[in-house]
Amino acid sequence: MNTYIYDDFLNKSRYRRAINKIEIRLTDLGLNGKIIRLGSIKNVKEVIQTEIKNGVKTIVAVGNNETANKVISAMITNKAYGFFQKDVLFSIIPIGDNNSIASSFGIKKEEEACNILLARRIKEIDIGIAGNNIFLNKAELLSAEAKIEIDQKYSISPSKKTLIKIINLNDDQNLIYKERIDPYDNKLNLIISGKKDDSTFITSDNFKISGEGELILDESIRLPLPLEVGLIQEKINIIVGKDRSFI
């Protein structure tokens, strides 16, 4: 049994054609299920947790990065999480812009997402957390000056505005050190990008960031500093495509 979570921005008329194509394809593949539209719901977590308790097998976020974040946040706060971890899968049908999470999963187009959902190729990956907010792909630091404490053992303080990312799941094929990023290893990867010879790569499960600035999670959620960044204990079971960004 599948439950499809439609984000509220999909109510706009420009997305109607894409929604129709998806629903026709899902019907053709025998993947019909319950549709929940977030625009009319105040307590998203309660609704999704109820679906899990009622025995749903797959929860599909229909939308973008922000949609995926909302849905996964609700799923992992379920009191019956042990059941979710073993039996409930997560997938994405991407619509609109800002879909780097789906792209990382190897899901590029709406109709392709339906075929991938049918194939049910499953991987279990780490989930990052910054403050009280989760992320799947990355956390990007926007700060001219920030102090980053690593494992409570040592710290670094970039003295100028540089590109700083904490990556769980790579969504950039041009990224330096991309081959060293592993979403299964219970670690996050800090990359400070300068000139190629000056770039820094540090692996850890705990970063404390202080100073003035913001952290942007999965290109969709902006959080002010200071923040502690790490991993939650649980992993998430996701349905992925062949062309995903990880093994």
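## Strands and cores: worked exercises

In E12, Leu190 is the residue that Ile166 has as its bridge partner. Keep in mind that this is a predicted model. Grab the structure and work through these.

**Exercise 1.** Find which strands pair with E11, in what sense, and over how many bridges.

*Solution.* Start on the E8 side. Strand E8 covers residues 138–142, and its pairing with E11 is antiparallel over four bridges. One you can pick out is Leu141, which has Ile164 of E11 as its bridge partner. Now flip to E12, residues 188–193: five bridges tie this strand to E11, again antiparallel. Besides the Ile166 and Leu190 pair, you'll see Lys165 standing opposite Ile191 of E12.

**Exercise 2.** Place E11 in its sheet and work out which strands sit at the edges.

*Solution.* Read off the strand order: E13-E12-E11-E8-E15-E16, an open sheet of six strands with antiparallel pairing. The edges are E13 (200–204) and E16 (221–224), since each of them pairs on one side only. Going from one strand to the next, the twist averages 20°.

**Exercise 3.** Explain why E11 counts as largely enclosed.

*Solution.* Look at how much of the strand is covered. A residue is called buried when its relative accessible area is under 20%. E11 spans residues 163–167, and four of its five residues are buried, so the rest of the structure largely encloses this strand.

**Exercise 4.** Track down the largest nonpolar core and what feeds into it.

*Solution.* This core holds 51 residues, and the ones with the most contacts inside it are Tyr4, Ile59, Val62, Phe90, Ile93 and Phe105. Helix H3, residues 65–76, is the top contributor, giving six residues. Zoom in on Val62 next: leaving out residues up to four places away in sequence, its contacts include Tyr4, Ile5, Leu10, Ile19, Ile93 and Ile95. There's also a second, separate core of 22 residues, with Ile166, Leu215, Ile221 and Val229 among them. That brings back Ile166, the bridge partner of Leu190 from the opening.

**Exercise 5.** Decide whether Thr3 is buried or exposed, and list what it touches.

*Solution.* First, locate the residue: Thr3 belongs to strand E1, residues 2–6. Next, check the relative accessible area, which is 1%, so Thr3 is buried. Last, collect the contacts. Skipping residues up to four places away in sequence, Thr3 touches Lys34, Ile36, Glu51, Val56, Thr58, Ile59 and Val60. Ile59 should ring a bell from Exercise 4, as one of the residues with the most contacts inside the largest nonpolar core.

How values were computed:
Residues are numbered from 1 along each chain as its sequence is written. This is a predicted model: local features need pLDDT of at least 70, side-chain atom pairs count only at pLDDT 80 or more; totals for chains, interfaces and linings use all residues. Side-chain values use heavy atoms; hydrogens and water are left out. A nonpolar core is a set of buried Ala, Val, Leu, Ile, Met, Phe, Trp, Tyr and Cys residues joined through side-chain atoms within 4.5 Å. Buried means under 20% relative accessible area, exposed over 50%, partly exposed in between (1.4 Å probe, protein chains only). Helices (H or I, at least four residues) and strands (E, at least two) are DSSP runs, numbered from the N terminus. Contact means heavy atoms within 4.5 Å. Two strands pair if DSSP finds at least two bridges between them. Axes are lines fitted to C-alpha atoms, for helices over the stretch in contact, and angles run from 0 to 180 degrees between N-to-C directions.
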